[in-house]
Amino acid sequence: MATKPGPPITPQGMAALKARYDHLLGKERPEIVEIVSWAAGNGDRSENGDYIYGRKRMREIDRELAYIARRMKILRVVDPANQPDRTRIFFGARVELADEDDERQTVTLVGDDEQDAGNGRIGWNSPMAKALRGASVGDLRVVRLPGGAKEWEVISIDYA
């Protein structure tokens, strides 16, 4: 039985996840451990704010570290620069779109772990990305959003 490939992520997205993991493990967690150790030595832990907050923050960090480790294990790094068919929209494409009123918008299709709609980075499994997949320049695609359906024309496709 073949294993299904994991969700895609760009090399930059994986580097950012690894940097976050390294920061939490190498900097933030040791600082909190030090505070908790100091606070524990101050006696009554039940009313010690530094101890209580420190233990809570340490649990949050440990949860995030575990989550990031699981994600990094299953994610599949896909470099958009290696895309052989640059005439159609696939993972990593930077796409310029125009709506019915000729309002322009540029979006980049990235992994769900690195999406940032405010900066035009939309997740691979978002409604817009799903509608755009496989489209070529000049194609019209209807995107169904909570606010209703909207039609977009593909103006350009670029793989950085």
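Within helix α2, E60 and R57 lie three residues apart, which is about one turn of the helix, and in this predicted model the two side chains form a salt bridge whose closest N and O atoms are 3.1 Å apart. The partners differ in their surroundings, since E60 counts as partly exposed at 28% relative accessibility, whereas R57 is buried, with a relative accessible area of 14%. The contact between them belongs to one network, in which salt bridges that share partners join R20, E28, K56, R57, E60 and E64.

R57 also takes part in a second contact, a salt bridge between its side chain and that of E28, with an N to O distance of 2.3 Å. This pair links distant parts of the chain, because R57 sits in helix α2 (residues 49–74) while E28 belongs to helix α1 (residues 11–40), 29 residues away. Both R57 and E28 are buried, so each has under 20% relative accessible area.

A further connection between the two helices is made by D62 and R29, whose side chains meet in a salt bridge at 2.6 Å, N to O. Here D62 lies in helix α2 and R29 in helix α1, so that the pair ties together parts that are 33 residues apart in sequence. In contrast to the buried pair of R57 and E28, D62 is partly exposed, with a relative accessible area of 31%, and R29 is likewise partly exposed, at 24%. Over the whole structure, a search finds 14 salt bridges.

Helix α2 also contributes to a charged region of the surface. A positive patch is formed by R45, R55, R59 and R63, and of these residues R63 has its place in helix α2. At 55% relative accessibility, R63 counts as exposed, because the cut-off for that class is over 50%.

From the helices we can turn to the strands, beginning with β3 and β4. Strand β3 (residues 94–98) and strand β4 (residues 104–110) run antiparallel and are joined by five bridges. Two facing positions help to locate this pairing in the structure: V95 stands opposite V107 in β4, and L97 stands opposite Q105 in β4. The two strands form a hairpin with five residues between them, and in the turn D102 has a positive phi of about 60°.

Each of these strands has another partner. Strand β4 pairs with strand β5 (residues 121–123) in the parallel sense, over three bridges, and there the bridge partner of L109 is I122 in β5. Strand β3, for its part, pairs with strand β7 (residues 148–158) in the antiparallel sense, over five bridges, with E96 standing opposite S156 in β7.

Strand β7 also leads to a second charged region, of the opposite sign to the arginine patch described above. On the surface, E100, D101, E103, E151 and E153 gather in a patch of negative charge. Among them, E153 has its place in strand β7 and is partly exposed, with a relative accessible area of 33%. That value is enough for E153 to be considered for a patch, because the residues that make up patches must have over 30% relative accessible area and no salt bridge.

Technical notes:
Residues numbered from 1 in each chain as written. Predicted model: local features only at pLDDT ≥ 70, side-chain atom pairs only at ≥ 80, totals over all residues. Heavy atoms only, no water. Pairing = 2+ DSSP bridges. Helix = DSSP H or I, 4+ residues; strand = E, 2+ residues; numbered from the N terminus. Patch = residues over 30% accessible without salt bridge, like charges linked within 9 Å, V, L, I, M, F, W, Y side chains within 5 Å. Areas by Shrake-Rupley, 256 points an atom, 1.4 Å probe, with all protein chains shown as cover. Salt bridge = Lys/Arg side-chain N within 4 Å of Asp/Glu carboxyl O. Lys, Arg positive; Asp, Glu negative; His and termini not counted. Charge placed at Lys NZ, Arg CZ, Asp CG, Glu CD. Buried < 20%, exposed > 50% of the residue type's maximum accessible area, 1.4 Å probe, protein only.
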